[in-house]
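Reader: I am new to reading structures and would like to look closely at one part, starting from a single residue and working outward. Could you take me through it slowly?

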Amino acid sequence: YSRAVAFIRSCAEGADEKTASQLRLPAGTPLLRVSRLCTADGRPAVYCEDVFEKSLIRDDYTEEDLRQPIFHFLQQHCGVYPYLDLTDLRAIPADGKLAGILQVPEGFPLLYMEEVDYDIDGKPVFCSAEYFADGIFRHTVMRKKL
């Protein structure tokens with residue numbers, strides 16, 4: 001597949017209760033939400049919304065800087081190094097918004113990944129919601145018993 005970022009949008013917002021809890025911040029804390037649609041061979045494949053504390057940003061950036069993976073942006077513009085993440089995976093039906101973005105019928109099953117990433121000290125540094133259209137990506141899980 002040839003991959004591309006079809007669009008990117010960013011907006012400032014205050015932390016709602018859920019996001020504040022995920023990031024261990026007071027509700028209303030200023031956040032930056034970065035939304036991306038990635039394509040595979042021109043077909044919508046992944047829609048992702050990354051959210052992090054706006055005060056982490058140390059220098060000027062452009063929308064082009066936000067095209068890179070969020071990990072790179074956080075390292076280069078925030079001095080933040082995500083170390084591990086906790087991800088919840090489940091199937092959800094596409095609502096009207098997601099159906100329009102991913103060009104699938106409303107109710108179409110999507111793989112949903114809700115993720116919180118932490119730095120080496122265990123502090124949450126960003127959270128994301130990722131929606132995967134079926135038939136493009138394959139997700140494999142390896143589990144090891146200790």
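Author: Leaving out residues up to four places away in sequence, Ala4 touches Leu37, Cys38 and Thr39, where a contact means heavy atoms within 4.5 Å. The model is a predicted one, in which local features need pLDDT of at least 70 and side-chain atom pairs count only at pLDDT 80 or more, while totals for chains, interfaces and linings use all residues. Residues are numbered from 1 along each chain as its sequence is written, and side-chain values use heavy atoms, without hydrogens and water.

Ala4 belongs to strand 1, residues 3–14 (strands are DSSP runs of E, at least two residues, and helices runs of H or I, at least four, numbered from the N terminus). Although 35 residues separate Ala4 from Thr39 in sequence, their C-alpha atoms are 5.3 Å apart in space. Ala4 has a relative accessible area of 40% and is therefore partly exposed, that is, between buried, under 20%, and exposed, over 50% (1.4 Å probe, protein chains only).

From here we can turn to the interior. The largest nonpolar core has 14 residues, of which Tyr47, Leu98, Leu102, Leu110 and Tyr131 touch the most other members; such a core is a set of buried Ala, Val, Leu, Ile, Met, Phe, Trp, Tyr and Cys residues joined through side-chain atoms within 4.5 Å. Helix 3 (96–102), strand 5 (109–118) and strand 6 (124–132) each supply at least two residues of this core, and helix 3 gives the largest share, four residues. Beyond its neighbours within four places in sequence, Leu98 is in contact with Tyr47, Ile92, Gln103, Leu110 and Tyr131. Another core, of 13 residues, lies apart from the largest one, and among its members are Ile8, Val34, Phe52 and Phe73.
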